[in-house]
Amino acid sequence: MKLYLIRHGRQSSKLCNVDVDLCEAGYQQAALLGQRLAGEGIQIVFSSGLKRAIQTAQAANLYWNVAHYMYPELREISFGEMEGLSDADIALRFADFKAEQQKMEYDIPYPGGESAGDVVRRVIPVFRQIAESGYERVAVITHGGVIRSMVAHYMGMDLAKWRTLGANLENCSITELEWNPGLRRFTLERFNDYAHLLAYPELLRSAWSDRE
């Protein structure tokens with residue numbers, strides 16, 4: 001079975017992990033994603049319970065017309081005390097933590113939050129359930145920290161280095177895992193594929209403005 005891990009569309013705030021709606025660009029990204037995968041035979045959609053993931057799933061699913069269910073375990077990695085802060089505030093208040101994190105010596109949790117290992121432990125049961133569900137094509141709308149942590153796990157990487165997997169995953173990018181039932185493991189088939197956005201440079205993360 002193929003598991004399409006999709007990062008949610010662009011949200012309406014740049015503050016750290018706030019539960020807000022998609023902005024207009026986010027809906028455009030989700031529509032392009034839906035069109036891109038319309039011929040792949042998606043059979044079911046799962047998402048986290050955060051607004052940006054739910055709304056991405058709903059917008060993309062206009063092109064698939066399949067059942068949509070939520071798993072709270074698919075929520076973004078917890079950034080703990082950083083949540084709700086701007087990048088500038090985080091850089092100032094958590095400079096020591098960020099410096100330690102950049103060394104990539106240990107899989108350290110965010111202050112008051114989670115580590116990559118914490119994410120893996122809560123998401124693995126969901127992925128196993130999906131892999132054994134009998135579906136052959138499944139879309140999972142989730143978050144950058146979840147995708148990077150799970151890919152690092154399935155590739156056998158040191159989880160301290162999970163942040164080397166893409167400086168920034170594009171919104172509505174596709175990361176594809178394939179389940180091998182004989183070996184009972186996932187293989188990585190593609191990572192951060194955003195070809196459906198390339199004709200629209202204003203939808204790329206490099207064009208994300210604070211005005212949204």
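**Salt bridges and the sheet**

Glu176 and Arg190 join through their side chains in a salt bridge, with 2.7 Å from N to O. Glu176 belongs to strand E5 and Arg190 to strand E6, so this pair ties together parts that lie 14 residues apart in sequence. The model is predicted. Its salt bridges come to 10 in number, and the sheet is an open one built from 6 strands.

**The Glu176–Arg190 pair and its network**

- Glu176 is buried, because its relative accessible area of 8% falls under the 20% limit.
- Arg190 has a relative accessible area of 21% and is therefore partly exposed, since the buried class ends at 20%.
- Through shared partners, salt bridges connect Lys2, Arg36, Glu176, Glu178, Arg190 and Asp193 into one network.

**The Asp193–Arg36 pair**

- Asp193 and Arg36, both members of that network, form a salt bridge in which the closest N and O atoms are 2.7 Å apart.
- Asp193 sits in strand E6 and Arg36 in helix H1 (residues 24-36), so the salt bridge ties together parts 157 residues apart in sequence.
- Asp193 is buried, with 17% relative accessible area.
- Arg36 counts as partly exposed, at 30% relative accessibility.

**The Arg184–Glu132 pair**

- A salt bridge also brings together the side chains of Arg184 and Glu132, at 2.5 Å from N to O.
- This pair links distant parts of the chain, 52 residues apart.
- Arg184 is in the loop between strand E5 (174-180) and E6.
- Glu132 is in the loop between helix H5 (116-131) and strand E4 (137-142).

**The sheet**

- The strand order across the open sheet is E3-E2-E4-E1-E5-E6, and the pairing is mixed.
- Strand E3 (67-70) and strand E6 (185-193) are the edge strands, each pairing on one side only.
- From one strand to the next, the twist averages 20 degrees.
- Strand E2 (residues 44-47) pairs with E3 in the parallel sense, over 4 bridges.
- Within E2 and E3, Val45 stands opposite His68.

**Where the two topics meet**

- Edge strand E6 contributes Arg190 to the salt bridge with Glu176 of strand E5.
- Strand E6 also holds Asp193, the partner of Arg36 in helix H1.
- In the strand order, E5 stands between E1 and E6, and the loop between E5 and E6 carries Arg184.

Definitions and conventions. Residues are numbered from 1 along each chain as its sequence is written. This is a predicted model: local features need pLDDT of at least 70, side-chain atom pairs count only at pLDDT 80 or more; totals for chains, interfaces and linings use all residues. Side-chain values use heavy atoms; hydrogens and water are left out. Two strands pair if DSSP finds at least two bridges between them. Helices (H or I, at least four residues) and strands (E, at least two) are DSSP runs, numbered from the N terminus. Axes are lines fitted to C-alpha atoms, for helices over the stretch in contact, and angles run from 0 to 180 degrees between N-to-C directions. A salt bridge is a side-chain nitrogen of Lys or Arg within 4 Å of a carboxyl oxygen of Asp or Glu. Buried means under 20% relative accessible area, exposed over 50%, partly exposed in between (1.4 Å probe, protein chains only).
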